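Here is a short briefing to read with the model open beside you. Please take a look at the structure first, and then we can walk through it together.

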Amino acid sequence: MQIPHIPVLYHETLEAFKKISEGYIIDCTTGYAGHSSGLLEQNENIQLICNDQDEEALLFSKKRLEPYKTIVLFNQVNFEHLIDTFRVFKIRGILAY
């Protein structure tokens, strides 16, 4: 799979989230799942909510994150609506670039 984007501050992001050992992390602007894939590889006990307005990016991310499909939710909406959408989840971290 050819990845069309290299995430910025990749290692710094993983470092910032490494102490989260359970619960959900929201990736507000998933894009092509660069940070998301790293977070999932780093910690098998988290769950991820991948959010993006771009349908093409989400479709790519769904394919890229297929091995994690049981612990990843995808949401196509502007991230400003996430608080209302995900109040019921145990949110441990939010990634917003």
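Let's begin with a residue that is hidden from view: alanine 33 counts as buried, because its relative accessibility is 0%. Please keep in mind that this is a predicted model. From alanine 33 we move on to an aromatic pair, two helices, a buried serine and a pocket.

**Positive phi angles**

- Alanine 33 sits in the loop between β1 and α2, and its phi is positive, at about 70 degrees, although the residue is not a glycine.
- Leucine 9 is another non-glycine residue with a positive phi, in this case near 50 degrees.
- You will find leucine 9 in the segment before α1 (10-17).
- Is leucine 9 buried or exposed? The answer lies in between: leucine 9 has a relative accessible area of 45%, so it is partly exposed.

**The aromatic pair**

- How many aromatic pairs does a search of the whole structure find? The search finds 1.
- The partners are tyrosine 32 and phenylalanine 60, and the pair is edge-to-face because the ring planes stand at 80 degrees, with the ring centres 5.2 Å apart; planes over 60 degrees apart count as edge-to-face.
- Tyrosine 32 belongs to the loop between β1 (23-27) and α2 (34-42), while phenylalanine 60 belongs to helix α3 (residues 55-64), so the pair ties together parts that are 28 residues apart in sequence.
- Phenylalanine 60 has a relative accessible area of 16%, so it is buried; the cut-off for buried is under 20%.

**Helix α3**

- Phenylalanine 60 has company in α3, where Ala57, Leu58 and Ser61 are buried as well.
- These buried residues line one face of the helix, because they fall within an arc of 160 degrees when seen down the axis of α3.
- Which exposed residues does the face of α3 turned away from its buried side carry? They are Glu55, Glu56 and Lys63.
- The cover over the buried residues of α3 includes the strands β2 (46-51) and β3 (72-75).

**Helix α1**

- In α1, the buried residues are Thr13, Leu14 and Phe17.
- Their arc around the axis is only 95 degrees, so they lie on the same side of α1.
- As a general reminder, an α-helix has 3.6 residues a turn, so residues three or four places apart point the same way.
- His11 and Ala16 are exposed on the other side of α1.
- Among the elements that cover the buried residues of α1 are β1, α2 and β4 (91-95).

**Serine 36 in helix α2**

- Serine 36 is part of helix α2, and it counts as buried because its relative accessibility is 0%.
- Which residues does serine 36 touch, not counting those up to four places away in sequence? The contacts are Asp27, Thr30, Leu48, Cys50 and Leu65.

**The largest pocket**

- The largest pocket holds about 190 Å³ of space.
- Its lining is made up of 15 residues, and those that lie nearest the centre of the pocket are His5, Pro7, Thr29, Thr30 and His35.
- How do the residues of the lining divide into nonpolar, polar and charged? There are 7 nonpolar, 6 polar and 2 charged residues.
- Thr30 links two of our topics: it is one of the residues nearest the centre of the largest pocket, and it is also touched by serine 36.

Notes
Residues are numbered from 1 along each chain as its sequence is written. This is a predicted model: local features need pLDDT of at least 70, side-chain atom pairs count only at pLDDT 80 or more; totals for chains, interfaces and linings use all residues. Side-chain values use heavy atoms; hydrogens and water are left out. Rings of Phe, Tyr and Trp (its six-membered ring) pair if their centres lie within 6.5 Å; planes under 30 degrees apart count as stacked, over 60 as edge-to-face and the rest as tilted. Helices (H or I, at least four residues) and strands (E, at least two) are DSSP runs, numbered from the N terminus. Buried means under 20% relative accessible area, exposed over 50%, partly exposed in between (1.4 Å probe, protein chains only). On a 1 Å grid over the protein atoms alone, a cavity is a set of points where a 1.4 Å probe fits but cannot get out, and a pocket is an open set with protein on both sides within 12 Å along at least five of seven lines; lining residues have an atom within 4 Å of a point. Grid points are joined across faces, edges and corners, and a volume is the space filled by probe spheres set on the points. Ala, Val, Leu, Ile, Met, Phe, Trp, Tyr, Cys and Pro count as nonpolar, Asp, Glu, Lys and Arg as charged, and the others, Gly among them, as polar. Contact means heavy atoms within 4.5 Å. The arc is that of the directions from the helix axis to the C-beta atoms.
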